[in-house]
Amino acid sequence: MKIAHLLPAFALSLSACATVPPSTDGITRLAIGQTGIVDGPKVTPLAVLEDSRCPINARCVWAGQVRLRILVTLGSGSREHEIVTGKPLPIADGLLELVEVAPGRIAGQGSEKPLDYRFGFRFAGGL
C-alpha cells in the first residue's frame, strides 16, 4: 500500500493541533483554531462574532470592537467564553485580555476572512 501521498496532509493536520508557546513580549498570538498557552490558561479562538473596528484609513467617532468566541482550558476543564477588545474577562484567578487584532481593516475593501485574523492575548494572573 502506498501512503506517501497522504503524508503531507497528515503533517498539516498535526500542525493545526500544535500548541503555540507564549511570546517574549507577554502576548500570545493565535489564529482561528490555534491553541496557545496564555501565561497559564490554554486559549483557542473559535469564531469572530463581530468586527466593527474603524478602518485604518478612515476617521471614526468610535474605534469599534472585536467580539470573539474562545475556548479556555484550565486544569478543571474547558469552557467557551465570549471576549471583547478592551474588556478583560475574569478567568480563574486573573484576567484574560484580547489586546491585539490583526490585520487592520481598510475602508473600501471586503471584510477579513476568518483565517486571515491573528489575535493577541495576555493573561494577568492573580496570586
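## Strand pairing around β8

In this predicted model, P90 stands opposite L95, a residue of β8. The strands β7 and β8 pair in the antiparallel sense, and 3 bridges hold this pairing in the assignment. Together β7 and β8 form a hairpin with 2 residues between them, and the turn contains A92, whose phi is positive at about 50°.

On to the next pairing: β8 is also joined to β9, by 7 bridges, and these two strands run antiparallel. One of the opposed positions here is E100, which faces G120 in β9.

## Backbone features in the loops

Most residues other than glycine have a negative phi, and most peptide bonds are trans. Against that background, three places in the loops deserve a look.

A92 is not a glycine, yet its phi is positive, about 50°; the residue sits in the loop between β7 and β8. Is A92 buried or exposed? Its relative accessibility is 65%, and because the cut-off for exposed residues is over 50%, A92 counts as exposed. D39 likewise has a positive phi, near 50°, in a residue other than glycine, and its place is the loop between β3 (35–37) and β4. With a relative accessibility of 57%, D39 also counts as exposed.

The remaining feature concerns a peptide bond: A102 and P103 are joined in the cis form, with omega at about -5°. P103 lies in the loop between β8 and β9, while A102 is the last residue in the range given for β8 (94–102).

## The nonpolar core

The largest nonpolar core has 18 residues, and those with the most contacts inside it are L68, I70, I83, L96, L98, F119 and F121. Four strands each supply at least two residues of this core, namely β5 (66–74), β7 (89–91), β8 (94–102) and β9 (118–124). Which of the strands gives the most to this core? It is β5, with 4 residues.

L68 shows how one core residue is surrounded. Leaving aside its neighbours within four places in sequence, L68 is in contact with I32, P45, A47, V48, L49, H81, E82, I83, L98, F119 and F121. Among these partners, I83, L98, F119 and F121 are also named with L68 as residues with the most contacts inside the core.

## An aromatic pair at F119

How many aromatic pairs does the model contain by the rule applied here? The count comes to 1 aromatic pair. The partners are Y117 and F119, which are stacked, with 5.5 Å from centre to centre and 10° between the planes. The pair counts as stacked because planes under 30 degrees apart are placed in that class. Y117 is buried, and F119 is buried as well; F119 is, in addition, one of the residues with the most contacts inside the largest nonpolar core.

## T44 in strand β4

T44 is placed in strand β4 (residues 42–51). Its relative accessibility is 9%, and therefore T44 counts as buried, the cut-off being under 20%. Although T44 and V72 are 28 residues apart in sequence, their C-alpha atoms are 6.6 Å apart in space.

Apart from neighbours within four places in sequence, T44 is in contact with G33, Q34, T35, R69, I70 and L71. One of these partners, I70, is also among the residues with the most contacts inside the largest nonpolar core.

Key: Residues are numbered from 1 along each chain as its sequence is written. This is a predicted model: local features need pLDDT of at least 70, side-chain atom pairs count only at pLDDT 80 or more; totals for chains, interfaces and linings use all residues. Side-chain values use heavy atoms; hydrogens and water are left out. Rings of Phe, Tyr and Trp (its six-membered ring) pair if their centres lie within 6.5 Å; planes under 30 degrees apart count as stacked, over 60 as edge-to-face and the rest as tilted. Buried means under 20% relative accessible area, exposed over 50%, partly exposed in between (1.4 Å probe, protein chains only). A nonpolar core is a set of buried Ala, Val, Leu, Ile, Met, Phe, Trp, Tyr and Cys residues joined through side-chain atoms within 4.5 Å. Contact means heavy atoms within 4.5 Å. Two strands pair if DSSP finds at least two bridges between them.
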